[in-house]
Every structure is written in C-alpha cells, then in structure tokens.
Amino acid sequence: MTCPVDSTSSNDAYGWHFQYLTIIGLLLATITFALGSLADLTSSETFSRYKNLFSVIATPLEVLITTLYGSLVSVDKDLVIPKEFQLGLLPDIGFHAVPAVLLTLDYLLFSPPWTISFRQALGLSTAFAFGYWFWVEQCYRHNGWYPYPVFELLTTPWRIVLFCFSGALMAGSTEVLKFLYSKVNGGGSNGS
C-alpha cells in the first residue's frame with residue numbers, strides 16, 4: 001500500500017516527509033547552499049570546508065534523484081508518485097531537476113576539486129543507499145505503506161538490487177562529476 005490520502009498521510013506519518021529521498025536530497029542541498037552562503041558572507045574557511053563536504057554527498061545524490069526520477073517517470077509516473085499527489089511541470093522540475101543542476105554548476109564553477117576516490121565514493125554511496133533503505137523499511141513498519149509506489153511492487157530481493165544499483169549509480173555520478181570538473185577547470189582532480 002502506498003501513502004493514503006487521508007489523516008494518515010505523510011504529514012502525520014512516521015518519518016514525516018523525510019521518508020522521501022527527494023526531500024532528503026532537498027535538505028542536503030539546502031544545507032550545502034546555506035553553508036556556501038555563510039562561507040561567502042563571512043569568508044570563513046570552516047563554512048567553506050563544511051560546504052564542500054556536504055557537496056560531495058548532496059551533488060551526486062541530487063544527480064541520482066534526477067536520474068532515477070526521470071527514468072521511472074518516463075516509464076510510468078505512477079511508479080513514483082500516486083496520481084493524487086502528482087505535481088505540475090514547474091514544481092516537478094523544481095523538486096527533481098533544479099537542485100542537481102545548481103549543485104553541479106556550483107561544484108564545476110565555484111568549488112575546489114573533490115578528493116574522494118572511487119572506492120570511497122562507492123562506499124559512501126552504498127552506505128547512504130542502504131541507510132535509506134533501512135529507513136524506508138522502518139517507516140513502513142510504522143505506517144504500513146511505502147513512500148514510493150515502486151517499492152510496493154518490488155520484492156525484497158529486487159529492492160536489494162534497486163538499492164545496490166542506486167549506490168553504484170551515485171558513485172558513478174561522483175566520478176562523472178569529477179571528470180567534468182577536470183574538463184571545465186583543466187587538469188585532473190585529486191583522489192581518483
């Protein structure tokens with residue numbers, strides 16, 4: 001069962017809106033941009049360092065969200081969002097594409113190169129993917145429904161495949177972003 005349209009909706013559910021990967025991604029993107037703004041306003045190296053640390057997870061995560069969302073929606077939008085919750089085009093793009101574009105531009109144009117290796121990126125991305133899966137299952141135990149309809153359709157082994165694939169795709173996004181960074185800014189990026 002997916003999120004019902006009544007008093008037990010996401011507003012009242014265990015995990016609130018943070019059971020949705022999109023919302024978690026938006027939170028991390030917001031923190032990243034807030035830290036970047038504070039770094040710019042205060043010329044603080046500390047804020048700058050933390051902004052760059054958050055960027056290493058937030059940017060590939062937002063690229064992953066854009067990729068997964070776009071792929072699933074191109075097959076059937078109902079796999080991701082029940083009909084009663086579907087958004088108009090502009091909010092949809094705002095939630096599912098704009099954060100990835102802005103974080104990517106920030107990384108490519110205003111940030112130092114990431115020093116994370118592929119192995120580290122794969123570990124971080126896989127840990128994040130499985131952490132999210134465990135969180136989704138915890139929410140399901142309390143709510144009796146999954147945040148995304150596609151989770152309802154998948155058996156546990158297929159959910160494992162989905163989350164492994166997502167972790168690998170997120171790590172691959174990190175490597176693609178590092179490659180693009182080297183092309184835009186010249187030279188190689190550290191940690192490859």
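This is a conversation between a student and a tutor about reading one predicted model.

Student: Before we start, what kind of model is this, and how are its residues numbered?

Tutor: Residues are numbered from 1 along each chain as its sequence is written, and side-chain values use heavy atoms, with hydrogens and water left out. The model is predicted: local features need pLDDT of at least 70, side-chain atom pairs count only at pLDDT 80 or more, and totals for chains, interfaces and linings use all residues.

Student: How many helices and strands are there in the chain?

Tutor: Helices (H or I, at least four residues) and strands (E, at least two) are DSSP runs, numbered from the N terminus. This chain has seven helices and zero strands. Its pattern along the sequence reads α-α-α-α-α-α-α. With a radius of gyration of 17 Å, close to the 16 Å that the globule rule gives for 192 residues, the chain is as compact as a globular protein of that length. That radius is taken over C-alpha atoms, and the globule rule is 2.2 Å times the number of residues to the power 0.38. Along the principal axes, the C-alpha atoms fill a box of roughly 50 × 35 × 30 Å.

Student: What share of the residues counts as buried?

Tutor: Here is the scale: buried means under 20% relative accessible area, exposed over 50%, and partly exposed in between (1.4 Å probe, protein chains only). In this chain, 43% of the 192 residues count as buried.

Student: And what does the chain expose?

Tutor: Accessible areas come from the Shrake-Rupley method with a 1.4 Å probe; for residues, only the protein chains shown count as cover. The chain exposes about 10000 Å², and carbon and sulfur atoms supply 69% of that area.

Student: How should I read contacts in the chain?

Tutor: A contact means heavy atoms within 4.5 Å. Among contacts in this chain between residues at least 6 apart in sequence, 73% join residues at least 24 apart. For a single residue, try Asn52 in helix α2 (residues 45–75). Asn52 touches Ser111, Pro112 and Trp114, leaving aside residues up to four places away in sequence.

Student: Is Asn52 buried or exposed?

Tutor: Asn52 is buried, because its relative accessible area is 16%.

Student: How do I check the length of a helix, say α4?

Tutor: The expected span of a helix is 1.5 Å times one less than its number of residues. Helix α4 (residues 98–110) has 13 residues and should span 18 Å; its end C-alpha atoms are 17 Å apart, which agrees. Helix α5 (residues 118–143), with 26 residues, should span 38 Å, and its end C-alpha atoms are 36 Å apart, which also agrees.

Student: Which parts do the buried residues of these two helices pack against?

Tutor: A general idea helps first. An α-helix has 3.6 residues a turn, so residues three or four places apart point the same way. In α4, the buried residues include Pro99, Leu103 and Tyr107. The buried residues of α4 pack against α1, α2, α3 (89–96) and α7. In α5, Ala121, Ser125, Ala129 and Trp133 are among the buried ones. The buried residues of α5 pack against α1, α6 (149–153) and α7.

Student: Where do I find residues with positive phi?

Tutor: Gly144, which follows α5, has a positive phi near 80°. Trp16 is a residue other than glycine, and its phi is near 50°, a positive value. Trp16 lies in the segment before α1 and counts as partly exposed, at 44% relative accessibility. Ser43, also a residue other than glycine, has a positive phi near 55°. Ser43 sits in the loop between α1 and α2 and is exposed, with a relative accessible area of 63%.

Student: How can I compare places in sequence with places in space, for example with Ile31 and Lys51?

Tutor: Look at the C-alpha atoms. Ile31 and Lys51 are 20 residues apart in sequence and 7.8 Å apart in space. Ile31 is in helix α1 and is partly exposed, with a relative accessible area of 29%. Now take Ala13 and Lys51: they are 38 residues apart along the chain, and their C-alpha atoms are separated by 31 Å. Ala13 is found in the segment before α1 (21–42), and at 12% relative accessibility it counts as buried. A further pair is Pro157 and Val75, 82 residues apart along the chain, with 21 Å between their C-alpha atoms. Pro157 belongs to helix α7 (residues 156–185) and is exposed, at 53% relative accessible area.
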